[in-house]
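Here are my notes for your review. Please read them with the structure open.

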Amino acid sequence: MNIYNILKVVVVMEIYNDRENFPYPFKGKSFRYTNNSVLLDPPSSIKVTDHYEREVQIKRKLLKEHPDRCYQSLPDTLEAQWEAFSLVADNLATYFPEKFSLLKKGREWCFSNKVLNEQHSFIFGDGSSLPVEPLDFIGRHVQEDLILMVQKDGELFLDAGQLCFPANWSLAFNLGMSFKELHFPIPGFKDNNLVDRIQAFILKIEDGAPWVRTNWQMMAGNRLDTPLETFHDWGKVRKQITKDNAGELVHLRVEVQKLFRLPRTHSILFSIHTHLLSLKSFSDNVEWAKQFSAILEELPSYIYEYKGIALYREAVIDYLNERV
């Protein structure tokens with residue numbers, strides 16, 4: 001690793017040492033896949049953190065350099081996209097009025113991003129009045145990835161999305177897949193009809209009553225963007241983890257995932273806010289370190305192999321145990 005890359009990692013690590021605002025995901029001393037959703041209160045789809053400007057600029061750079069990898073949509077999704085646009089823009093203006101505003105005069109709307117000093121006037125429902133599709137446009141103003149699941153014949157399908165920060169999956173590959181097809185590779189989801197029960201739960205979500213859940217990973221490195229297409233770049237870091245460097249190189253990745261029913265099209269807006277925290281900062285909380293060590297010790301092989309942490313799980317356990 002050259003000196004430039006060392007400096008770059010140090011800078012990013014400073015950003016990802018915000019333990020106070022990290023969404024701690026664990027309960028108990030074991031982990032299995034479950035539907036851990038709870039009602040969202042207040043029902044805001046968006047979280048604006050201190051990392052807002054940096055992460056939005058990362059998204060915009062990725063969208064410019066890799067447009068097909070980061071944004072995909074099917075032709076029949078525009079109405080649902082406008083619904084998602086309206087929900088997100090309204091949330092921004094309602095919950096963060098000092099940072100955003102949304103003025104409406106009939107179909108003539110004006111959205112202002114005061115943080116980035118940007119203002120956009122457009123005709124709601126008229127795609128030609130925006131520079132890109134509605135979901136892509138509003139996604140460029142939030143830290144979250146935005147996924148649109150369209151309901152058809154009692155099933156959900158991934159028909160549009162802006163995905164800049166995926167955890168080892170591909171939007172381009174998965175576009176058009178059903179909910180069951182998307183989750184088929186996850187070990188344990190076929191047991192006890194878990195995938196069917198989760199889809200049935202999502203189909204019952206009502207407008208105005210959104211839900212939230214968390215999902216966790218360990219990452220070798222501190223990249224937010226870890227798509228399947230670039231695994232050859234970031235995946236090799238997994239082989240470099242030792243007990244001695246785990247605190248700096250390994251990061252806990254937690255996705256705060258929110259589910260919203262869109263009332264007109266009955267589609268589901270699925271927002272994903274990704275948080276990273278270095279293992280060193282994470283384990284400065286001794287109780288967290290003890291609990292996470294116990295979870296990793298007990299974690300079945302089919303889970304840690306699927307999560308891609310088999311190569312360095314023991315190094316992380318050794319590191320955590322020394323910290324407590």
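**Notes on the model**

1. This is a predicted model. Please read every point below with that in mind.

2. Start with the side chain of Gln257. A polar contact of 2.9 Å joins it to the side chain of Glu255. A second polar contact, of 2.6 Å, links the side chains of Gln257 and Arg213.

3. Where does Gln257 sit? Its place is in strand S9, which covers residues 250-261. Gln257 has a relative accessible area of 7%, under the 20% cut-off, so it counts as buried.

4. Next, the surroundings of Gln257. Neighbours within four places in sequence are left aside here. Gln257 is then in contact with Trp211, Val212, Arg213 and Asn215, and also with Phe270, Ser271 and Ile272.

5. Now the nonpolar cores. The largest has 53 residues. Ile202, Trp216, Met218, Leu279, Phe282, Phe292 and Leu296 have the most contacts inside it. Apart from this core lies another, of 45 residues. Val56, Phe100, Trp109 and Cys164 are among its members.

6. Leu296 deserves a look. Not counting residues up to four places away in sequence, Leu296 touches Trp216 and Met218. Its other contacts on that count are Ile309, Arg313, Val316, Ile317 and Leu320.

7. How many cavities of 30 Å³ or more does a search of the whole structure find? The search finds one. The largest cavity has a volume of about 50 Å³.

8. Finally, the lining of the largest cavity. Arg69, Cys70, Leu163, Cys164, Pro166, Trp169, Ser170, Leu171, Pro227 and Glu229 form it. Seven of these lining residues are nonpolar, one is polar and two are charged. Cys164 lines this cavity and also belongs to the core of 45 residues.

Methods:
Residues are numbered from 1 along each chain as its sequence is written. This is a predicted model: local features need pLDDT of at least 70, side-chain atom pairs count only at pLDDT 80 or more; totals for chains, interfaces and linings use all residues. Side-chain values use heavy atoms; hydrogens and water are left out. Helices (H or I, at least four residues) and strands (E, at least two) are DSSP runs, numbered from the N terminus. Buried means under 20% relative accessible area, exposed over 50%, partly exposed in between (1.4 Å probe, protein chains only). A polar contact is a pair of N or O atoms within 3.5 Å; within protein, one must be able to donate a hydrogen and the other to accept it, and residues adjacent in sequence count only if both atoms are side-chain atoms. Contact means heavy atoms within 4.5 Å. A nonpolar core is a set of buried Ala, Val, Leu, Ile, Met, Phe, Trp, Tyr and Cys residues joined through side-chain atoms within 4.5 Å. On a 1 Å grid over the protein atoms alone, a cavity is a set of points where a 1.4 Å probe fits but cannot get out, and a pocket is an open set with protein on both sides within 12 Å along at least five of seven lines; lining residues have an atom within 4 Å of a point. Grid points are joined across faces, edges and corners, and a volume is the space filled by probe spheres set on the points. Ala, Val, Leu, Ile, Met, Phe, Trp, Tyr, Cys and Pro count as nonpolar, Asp, Glu, Lys and Arg as charged, and the others, Gly among them, as polar.
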